[in-house]
Amino acid sequence: MLIRKKLVLDRSYSMKDSRNNPKFSSAKTAAKNFVTNIDKSEVKANIGVVGFSGAATTYKSLTETTNNVAAIQSAIDSIPLNDGYNDNPGTNIGAALNAGE
């Protein structure tokens with residue numbers, strides 16, 4: 001069985017980490033753990049990575065996890081937090097869902 005999933009991460013400014021609430025870093029950690037766990041399972045998977053705020057951006061197209069875990073996790077790490085002003089501010093969930101299809 002082959003699973004195809006796109007991980008869609010909110011990178012809007014509302015995800016900014018605070019001292020007691022590390023939202024953005026926790027989301028990235030959870031996404032990377034998902035990739036690791038899928039790779040360790042007996043399931044074949046293609047995983048892509050999308051980040052969104054006011055617009056959606058694909059950081060990694062669907063990629064087979066076998067031998068590519070580090071590249072997928074690197075794509076997750078490369079997603080920047082939106083600055084809330086100049087970098088497509090907002091939270092366009094519709095664009096994220098479209099990019100995640």
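The chat below walks through the sheet, helices, core and some individual side chains of a predicted model.

Q: To get oriented, what is the strand order in the open sheet?

A: In this predicted model, the open sheet has 3 strands in the order β1-β2-β3, and the pairing is mixed. β1 and β3 stand at the edges with a single partner strand each, so one side of each has no neighbour in the sheet. On average, neighbouring strands of the sheet are turned by 15° against each other, direction ignored.

Q: Mixed how, then: do β1 and β2 run parallel or antiparallel?

A: β1 and β2 run parallel, and 9 bridges join them. Two positions can be used to follow that pairing: R4 stands opposite N46 in β2, and V8 has V50 of β2 as its bridge partner.

Q: And how many bridges pair β2 with β3?

A: There are 6 bridges between β2 and β3 (residues 56-64), and these two strands pair in the antiparallel sense. They form a hairpin with 3 residues between them. N46 appears here again, since its bridge partner in β3 is E64, while R4 stands opposite N46 in β2.

Q: How many residues of β2 are buried?

A: Of the 9 residues of β2, 8 are buried, which means that the strand is largely enclosed by the rest of the structure.

Q: Where do the helices go, starting with which strands α1 lies across?

A: α1 lies across β1 and β2 and runs at about 170° to β1. The other helix, α2, lies across β1, β2 and β3, and its direction is at about 170° to β3.

Q: What about the core, and which residues have the most contacts inside it?

A: The largest nonpolar core has 15 residues, and those with the most contacts inside it are L7, L9, V35, I47, V49, I72 and I76. The elements that contribute two or more residues to this core are β1 (2-10), α1 (23-40), β2 (44-52) and α2 (69-77). As general background, nonpolar side chains in soluble globular proteins tend to be buried together.

Q: Take L7, then: what does L7 touch?

A: Leaving aside residues up to four places away in sequence, L7 touches A31, F34, V35, I47, G48, V49, V50 and I76. Of these contacts, V35, I47, V49 and I76 are also among the residues listed with the most contacts inside the core.

Q: Switching to charges, how many salt bridges are there?

A: The count comes to 2 salt bridges. In one of them the side chains of K32 and D77 meet at 2.8 Å, N to O. That pair links distant parts of the chain, with K32 in helix α1 and D77 in helix α2, 45 residues apart.

Q: Is K32 buried or exposed?

A: K32 falls in between, being partly exposed with a relative accessible area of 22%, and D77 also counts as partly exposed, at 42% relative accessibility.

Q: And what does E64 pair with in a salt bridge?

A: The side chain of E64 meets that of K44 at 3.9 Å, N to O. This pair, too, links distant parts of the chain, since E64 is in strand β3 and K44 is in strand β2, 20 residues apart. Both ends are partly exposed, E64 at 35% relative accessibility and K44 with a relative accessible area of 47%. E64 is also the bridge partner of N46 in β3.

Q: Now the loops: where does S53 lie, and is S53 buried or exposed?

A: S53 lies in the loop between β2 and β3, and S53 is buried, with a relative accessible area of 0%.

Q: What does the side chain of S53 make a polar contact with?

A: The side chain of S53 makes a polar contact with the side chain of N82, at 2.9 Å. Not counting residues up to four places away in sequence, S53 touches R11, S12, N82, D87, N88, G90, T91 and N92.

Q: Last one, on the other loop: where is the place of N20?

A: N20 is in the loop between β1 and α1. N20 is exposed, with a relative accessible area of 71%, whereas S53 is buried. N20 and E101 are 81 residues apart in sequence and 33 Å apart in space, C-alpha to C-alpha.

Conventions. Residues numbered from 1 in each chain as written. Predicted model: local features only at pLDDT ≥ 70, side-chain atom pairs only at ≥ 80, totals over all residues. Heavy atoms only, no water. Core = buried A, V, L, I, M, F, W, Y, C linked by side-chain atoms within 4.5 Å. Buried < 20%, exposed > 50% of the residue type's maximum accessible area, 1.4 Å probe, protein only. Helix = DSSP H or I, 4+ residues; strand = E, 2+ residues; numbered from the N terminus. Contact = heavy atoms within 4.5 Å. Pairing = 2+ DSSP bridges. Salt bridge = Lys/Arg side-chain N within 4 Å of Asp/Glu carboxyl O. Polar contact = N/O pair within 3.5 Å; in protein donor to acceptor, adjacent residues only side chain to side chain. Axes fitted to C-alpha atoms, helices over the stretch in contact; angles between N-to-C directions.
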